[in-house]
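Subject: Structure handover and findings

Hello,

Here is the structure I said I would pass on. My notes on it follow below.

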2 protein chains.
Amino acid sequence: MHCKPNNLGIIERKEREKAEMRRRIVDAAVQMIVEEGYEKVSIRNIADKIEYSPATIYLYYKDKDELLYDVQSQAFATLAEEFREKINAVDPFKRLEQLAVAYLDFSRQHPELYDLMFIIKAPMNTLVEKEKWENGDPSYDALHGLMQECIEKKVVKFKDATIATLSVWGFAHGLISLHLRGRCTKVSRVPEEDIPGVIATAIDEYLEMIKA
Amino acid sequence: MHCKPNNLGIIERKEREKAEMRRRIVDAAVQMIVEEGYEKVSIRNIADKIEYSPATIYLYYKDKDELLYDVQSQAFATLAEEFREKINAVDPFKRLEQLAVAYLDFSRQHPELYDLMFIIKAPMNTLVEKEKWENGDPSYDALHGLMQECIEKKVVKFKDATIATLSVWGFAHGLISLHLRGRCTKVSRVPEEDIPGVIATAIDEYLEMIKA
DNA sequence: TTTGGAAAATAAACACTGTTCAGTATATTT
DNA sequence: AAATATACTGAACAGTGTTTATTTTCCAAA
């Protein structure tokens, strides 16, 4: 039978402990992904790091994908922080430029996190039983709102906010992910060391192009 | 000691057989990736399919990455074919539009191959001991040449062919890969079923925008 | 304070993966 | 026919995610 302790303090503490354990697991995973790369993140390695048995992790996460979804959430939190710090202009187009720079910077300072957020399949498998991608939604909405404002104030050529949002995001993501996954490297006429500069220039030119 | 057969016919046949075996392996892998998806492609599954032992595969490929590199090569060959069929206009800008459509179509008809060509890390690991990405190079060069021509004939706003190439490719790839990896799905204001249409429209608008 | 039972943690196994290596079978040369 | 080089494979190693039966820990009532 299900036991309901009379003492409500205990059930609260249990919940706190449960949450704390999940935090420990996610923190270990985040640290490993940042310091040793995504490929080193295995259930056994995480278990080692937090000094628990691998099976214990399955008392807190139903599978690895669900765990990675929480790691992704953490990654989006740090991206959101960067956005708050670096996006502060009053002019919406200026804010768009700041956002682009912040996004590109993030991808360079935390390539493994970027991968988990926007490229790797695993964390998205948990979305089948959700009706919203809570992790990515705030950032998407921030960009959507910004594009909306840019359209209203006629500072960009776009007419539709959704197309504008996906275009800007897609443009930046396309260049970043091609580079991250080694598709620009060793291709004719593109010297390896020049690529980061080319990407930055391409994004600059693109923003110039969409300007109304 | 190293044996050098006197009969040159035999050494030739051996080479033919070696090449044929590699072809069998790659064909099995391509078929599996297309029919059952990338995740089902394991050395053991390939070995089963061609009725050899898993260890045999390692007599023809030093590791799985090298094998996948050859699978990727096959994939690029079919993309090149599509390009030859669908790109035939005389006007360079019209050709660019045809190329964009062909690229988008390919990503939809062969999403698993697209993944292997432009997203998955594995096949690119073999590039460390190469000085060129032979698989992707012809396609890249085709686009680069086309952009060069567009610039010379002043039908696009770009000044630099490399930036133009990466911009166009990056834009299309960004939207396609975000969609392929489930990042557009379940995000505010973007109904799932509309995404393919939005992507096509975004690409159209982009091409309109870069037109001189 | 001891005992009953729920909750938390784990050891061990299962079914996979890529890869290596010793040993066998086949084919070719002497 | 014997020697040798080539082709192949069974079995193992080290790793993966995950499940289950078992043990340990904890808390509440007798």
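I will start with one residue and work outward; please keep in mind throughout that this is a predicted model. Apart from its neighbours within four places in sequence, A:Glu66 is in contact with A:Tyr60, A:Tyr61 and A:Thr126. A:Glu66 itself sits in helix α4 of chain A. Its C-alpha atom is 9.2 Å from that of A:Leu127, a residue 61 positions away along the chain.

Helix α4 of chain A covers residues 64-86, and A:Lys86 in this helix pairs with A:Asp105 in helix α5 (residues 92-109). The pair is a salt bridge, with the closest N and O atoms 3.5 Å apart. The two residues are 19 apart in sequence, and the pair links distant parts of the chain. Over all chains, the structure has 30 salt bridges.

Chain as a whole

Chain A contains nine helices and zero strands. Its pattern, read along the sequence, is therefore simply α-α-α-α-α-α-α-α-α. The C-alpha trace of chain A spans about 65 × 40 × 30 Å along its principal axes.

Domains of chain A

The domain assignment splits chain A into domain 1 (1-61) and domain 2 (75-210). Four residues of domain 1 of chain A and five residues of domain 2 of chain A take part in the contact between them. The C-alpha centres of the two domains are 32 Å apart.

How much area is buried between domain 1 of chain A and domain 2 of chain A? The value is about 420 Å², and carbon and sulfur atoms give 76% of it. On the side of domain 1 of chain A, the residues A:Ile33, A:Val34 and A:Tyr38 supply 88% of the area buried against domain 2 of chain A, more than any other three residues. By class, that side of domain 1 has three nonpolar residues, one polar residue and no charged residues. There are zero salt bridges between domain 1 of chain A and domain 2 of chain A. For polar contacts, the rule finds one residue pair across this interface, with both residues at pLDDT 80 or more.

Interface of chain A and chain B

The size of an interface is often given as the accessible area lost when the parts come together. For chain A and chain B the buried area is about 4500 Å², with carbon and sulfur atoms giving 62%. The contact takes in 51 residues of chain A and 51 residues of chain B.

Four salt bridges are found across the interface of chain A and chain B. One salt bridge between the chains joins the side chains of A:Lys121 and B:Asp115, at 3.5 Å from N to O. The rule also finds 23 residue pairs in polar contact across this interface, both residues of each pair being at pLDDT 80 or more.

Which helices of chain A each supply at least two residues of the side that touches chain B? They are α6 (111-118), α7 (137-152), α8 (161-180) and α9 (195-210). The largest share, twelve residues, comes from α8(A). Sorted by class, the side of chain A that touches chain B has 26 nonpolar, twelve polar and 13 charged residues.

Symmetry

A turn of 180° with a shift of 0.0 Å along the axis lays chain A on chain B with an RMSD of 0.0 Å. The two copies are therefore related as by a two-fold rotation axis. Of the residues of chain A, A:Gly174 comes closest to the rotation axis, its C-alpha lying 1.7 Å away. Why can the copies be said to meet through the same surface? Because 100% of the interface residues of chain A are also interface residues in chain B.

Regards

Conventions:
Residues are numbered from 1 along each chain as its sequence is written. Chains are lettered from A and ligands numbered from 1 in the order in which they are written. This is a predicted model: local features need pLDDT of at least 70, side-chain atom pairs count only at pLDDT 80 or more; totals for chains, interfaces and linings use all residues. Side-chain values use heavy atoms; hydrogens and water are left out. Domain bounds come from an automatic or database domain assignment. Contact means heavy atoms within 4.5 Å. Buried area is the accessible area (1.4 Å probe) that two parts lose on being put together, summed over both. A polar contact is a pair of N or O atoms within 3.5 Å; within protein, one must be able to donate a hydrogen and the other to accept it, and residues adjacent in sequence count only if both atoms are side-chain atoms. Ala, Val, Leu, Ile, Met, Phe, Trp, Tyr, Cys and Pro count as nonpolar, Asp, Glu, Lys and Arg as charged, and the others, Gly among them, as polar. Helices (H or I, at least four residues) and strands (E, at least two) are DSSP runs, numbered from the N terminus. Copies are superposed by least squares on the C-alpha atoms of residues with pLDDT of at least 70 in both.
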